Amino acid sequence: MKTIYFLLPLLVFRITGFGQSIEPTVIGAAGSYLSGANAQLSFTVGEMMVETYLSADHIISQGFHQPFDYFVGIEEDDYHLGISIYPNPTRDILIVEAGDHTENLDLQLYDMQGKMLATDKMLPGTSRFELSMQAYSDGVYLLHVISGNRSQKAIYKIQKVN
């Protein structure tokens, strides 16, 4: 009986001391780990971030294996050269109105594959320009408006409908 009392604490210590360990693992649909001379990158595809727990020694993320959220995007420029474009969506004619502009404004219409479809200029003092969209099929187009000295540019998304 004394042997059982002596071995029981050793058995409990053995089970709790070596029973579990947390390994950094991820189960994802796809992903990879890349390492270079100056940086390391690991990523997965198809997981949502659920929760991240932080302590002095550990970072545990459930559902997403990165310790911090980094958002990558393109900042939109709020500068629109003082131009109004309407109606959008359009069926036939797209009207471009510019306030007081003192230099040429280059208008370039592109499809979503990057092919330039039309180009024209608004001369200084011209406040209204009509761009015919009749020849184009339904879809989304990009209208680039560029100042004459190429220092300022605005891009507008135009939708053509029937």
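Here are legends for a few close-up views of this predicted model.

A word on the ground rules. Residues are numbered from 1 along each chain as its sequence is written, and side-chain values use heavy atoms, with hydrogens and water left out. Since this is a predicted model, local features need pLDDT of at least 70 and side-chain atom pairs count only at pLDDT 80 or more, while totals for chains, interfaces and linings use all residues.

**View 1. The whole chain, with 1 helix and 11 strands.** Helices (H or I, at least four residues) and strands (E, at least two) are DSSP runs, numbered from the N terminus. Reading from that end, the elements go α-β-β-β-β-β-β-β-β-β-β-β. The chain has 162 residues, and 20% of them count as buried; here buried means under 20% relative accessible area, exposed means over 50%, and partly exposed is in between (1.4 Å probe, protein chains only). About 12600 Å² of the chain is exposed, with carbon and sulfur atoms supplying 57% of that. Those areas come from the Shrake-Rupley method with a 1.4 Å probe, and for residues only the protein chains shown count as cover. Take the contacts (heavy atoms within 4.5 Å) between residues at least 6 apart in sequence: 42% of them join residues at least 24 apart.

**View 2. Two cis peptide bonds in one loop.** Most peptide bonds are trans. Here, though, Y86 and P87 are joined by a cis bond with omega about -15°, and the bond from N88 to P89 is cis too, with omega near 10°. P87 sits in the loop between strand 5 (83-86) and strand 6 (93-98), and P89 is in the loop between strand 5 and strand 6 as well.

**View 3. M133, a buried residue in a loop.** Look for M133 between strand 9 and strand 10. M133 counts as buried because its relative accessibility is 0%. T90 is 43 residues away in sequence, yet the two C-alpha atoms are 7.8 Å apart. Setting aside residues up to four places away in sequence, M133 touches several others, including T90, R91, D92, L94 and I158.

**View 4. M122 and E103, in contact with each other.** M122 belongs to strand 8, whereas E103 is in the loop between strand 6 and strand 7. M122 has 0% relative accessibility, so M122 counts as buried; E103 is at 26%, so E103 is partly exposed. Neighbours within four places in sequence aside, the contacts of M122 include V96, A98, H101, E103, L107 and F129. M122 and L107 are 15 residues apart in sequence, with 7.5 Å between their C-alpha atoms. On the same basis, E103 is in contact with M122, P124, S147, G148 and N149. The C-alpha atoms of E103 and G125, 22 residues apart along the chain, are 8.6 Å from each other.

**View 5. D106 and H144, each with a polar side-chain contact.** A polar contact is a pair of N or O atoms within 3.5 Å; within protein, one must be able to donate a hydrogen and the other to accept it, and residues adjacent in sequence count only if both atoms are side-chain atoms. D106 is in strand 7, and H144 is in strand 10 (residues 139-147). D106 is buried because its relative accessibility is 6%, and H144 is buried because its relative accessible area is 10%. The side chain of D106 pairs with that of K121 at 2.5 Å, while the side chain of H144 pairs with that of K153 at 3.2 Å. D106 and H144 are also in contact with each other. Beyond four places in sequence, D106 has further contacts with D120, K121, V145, I146 and R150, and those of H144 include L107, Q108, Y110, A154 and I155.

**View 6. The largest cavity, about 40 Å³ in volume.** Rolling a probe the size of a water molecule over the atoms shows where empty space is left. On a 1 Å grid over the protein atoms alone, a cavity is a set of points where a 1.4 Å probe fits but cannot get out, and lining residues have an atom within 4 Å of a point. Grid points are joined across faces, edges and corners, and the volume is the space filled by probe spheres set on the points. The count is 1 cavity of 30 Å³ or more. Its lining is made up of L107, Q108, L109, A118, T119, D120, F129, L131 and L143. Strand 7 (105-110), strand 8 (116-122) and strand 9 (128-132) each supply at least two of the lining residues.

Notes. On a 1 Å grid over the protein atoms alone, a cavity is a set of points where a 1.4 Å probe fits but cannot get out, and a pocket is an open set with protein on both sides within 12 Å along at least five of seven lines; lining residues have an atom within 4 Å of a point.
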